[in-house]
Amino acid sequence: ITSVWEMSPGRPVCYGWVVARWTTWRLWEYHISRQVCVEGNFHFGCLNGLVTLEEEDGTLLLGWYHHGELASGPFWLLYPSREGAMYAYLQKGHEVKRLSRAVFTGDRVAWVYPDFKTGMVGQFVAGTMLSAREAEIVENGEENGVPKIKMALFETNKKIYVFDPSTDTHLSASPLLRDPYERKLLHVQTSRIPGAGVGVFTDVFVKRNTIIGYFNGIHRHRGEIFKDTDKSAYLVEGTHRNEMLDIPEEYQSWQKYRGSAGHLIN
């Protein structure tokens, strides 16, 4: 086993790899605030074949290299909590130099929901959706050992979904526009239990541990929450330290907000 390390002058990054039997290797890139681990094969010192890149939070990117360069073909970004995936197909002559989120930039990038049937296709930049339409997977295959899919726009839903992140004061510019995946799985109606109000009900059979909905909310600091004498019943923990998500009072009714049904699932 051979270990090689290189410090880049003037840059807060360190590269290194461990070679075993001269075929497999692991490469770490240490930045000031994050660590990335790449694993794959090489031939004559160049990446060659299937390569995976694991980000610090467990997000996994995978695709194919050919003699040290990104090959044309399918590429995936898989989220660790299985809430969905990103898919892009690089055509010949592309200008992307290395495996990163920059691969998921273009007008035909796809977001694939957990059922791997439903998705959204449109304009993305580095994995962030700018605008997209509902789509469905119509063909599955494989190329260079990487799963390949073909998606078709959903003609019965021509609504355009746009980048509209929630903030500490803003929830949604389209509060009644439903999420395509949730719309297939869930409906909201008044519960038959007296006094229970409205509830969320599945329209299809779902297996255990299936993600069936999402939670969107305004972003609040945990310290702010504890100062409130009248705490919201819709608080959930966010993905960042001390972050809480909440549904403003004016959007707690299903008649006012349908962008996600997570706040009605309990």
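Let's start with the cysteines: this is a predicted model, and a search of the whole structure turns up zero disulfides. A disulfide, remember, is a covalent bond between the sulfur atoms of two cysteines. Two cysteines are still worth finding on screen. Cys37 counts as buried, because its relative accessibility is 10%. Cys46, with a relative accessible area of 32%, is partly exposed.

Now for contacts between charged side chains. How many salt bridges does a search of the whole structure find? The count is eight. One of them joins Asp115 and Lys184, with the closest N and O atoms 3.7 Å apart. What makes this pair interesting is that it links distant parts of the chain. Asp115 sits in the loop between β11 (106–112) and β12 (118–125), while Lys184 belongs to helix α1 (residues 180–185), and the two are 69 residues apart. Asp115 has 24% relative accessibility, so it counts as partly exposed. Lys184 is partly exposed too, as its relative accessible area is 40%.

Another salt bridge brings together the side chains of Glu143 and Lys148, at 3.4 Å from N to O. Lys148 falls into the partly exposed class because its relative accessibility is 33%.

The next one takes us towards the end of the numbering. The side chains of Arg220 and Glu224 meet in a salt bridge, with 3.2 Å from N to O. Is Arg220 buried or exposed? Arg220 is buried, since its relative accessible area is 13% and the cut-off for buried is under 20%. Its partner Glu224, at 37% relative accessibility, counts as partly exposed. The story doesn't stop at two residues, either: Arg220, Glu224 and Asp246 are linked in a network of salt bridges.

Arg220 is also a handy way into a sheet. Strand β18 (residues 218–221) has two faces: Ile218 and Arg220 are on the covered one, and His219 and His221 are on the uncovered one. In general, strands of a sheet pair through backbone hydrogen bonds, either parallel or antiparallel. Which sense applies to β18 and β20? Strand β18 pairs with strand β20 (residues 243–246) in the antiparallel sense, over four bridges. Within that pairing, Arg220 has Met244 of β20 as its bridge partner.

Step back and you can see the whole arrangement: an open sheet of three strands, in the order β18-β20-β19, with antiparallel pairing. Strands β18 and β19 (236–237) stand at the edges, and each has a single partner strand, so one side of each is left without a neighbour in the sheet. On the β19 side, two bridges join β19 to β20, and these strands run antiparallel. There, Glu237 stands opposite Met244 in β20. So Met244 is a good residue to keep in view, because it is the bridge partner of Arg220 and also faces Glu237, while β18 and β19 stand at the edges.

Next come the aromatic rings. The count here is eight aromatic pairs. In one of them, the rings of Trp76 and Phe116 have centres 6.0 Å apart and planes at 40 degrees, so this pair is tilted. Trp76 lies in strand β9 (residues 73–78) and Phe116 in the loop between β11 and β12, so the pair ties together parts that are 40 residues apart in sequence. You've met that loop before, as it also holds Asp115. Trp76 is buried, because its relative accessible area is 4%. Phe116 is partly exposed, because its relative accessible area is 41%.

Compare that with Tyr251 and Tyr257: their ring centres are 6.2 Å apart and their planes are at 70 degrees, so the pair is edge-to-face. At 22% relative accessibility Tyr251 counts as partly exposed, whereas Tyr257, at 1%, counts as buried. Rings can also join into groups: ring pairs link Tyr79, Trp111, Tyr113, Tyr181 and Tyr214 into a cluster.

Finally, take a look at the surface. Val125, Leu130 and Phe163 make a nonpolar surface patch of about 250 Å². Where does Phe163 lie? Phe163 is in the loop between β15 (160–162) and α1. It counts as partly exposed, since its relative accessibility is 47%.

Conventions
Residues are numbered from 1 along each chain as its sequence is written. This is a predicted model: local features need pLDDT of at least 70, side-chain atom pairs count only at pLDDT 80 or more; totals for chains, interfaces and linings use all residues. Side-chain values use heavy atoms; hydrogens and water are left out. A salt bridge is a side-chain nitrogen of Lys or Arg within 4 Å of a carboxyl oxygen of Asp or Glu. Buried means under 20% relative accessible area, exposed over 50%, partly exposed in between (1.4 Å probe, protein chains only). Two strands pair if DSSP finds at least two bridges between them. Patches are made of residues with over 30% relative accessible area and no salt bridge: like charges are joined within 9 Å, nonpolar side chains (Val, Leu, Ile, Met, Phe, Trp, Tyr) within 5 Å. Accessible areas come from the Shrake-Rupley method with a 1.4 Å probe; for residues, only the protein chains shown count as cover. Rings of Phe, Tyr and Trp (its six-membered ring) pair if their centres lie within 6.5 Å; planes under 30 degrees apart count as stacked, over 60 as edge-to-face and the rest as tilted. A disulfide is a pair of cysteine sulfur atoms within 2.5 Å.
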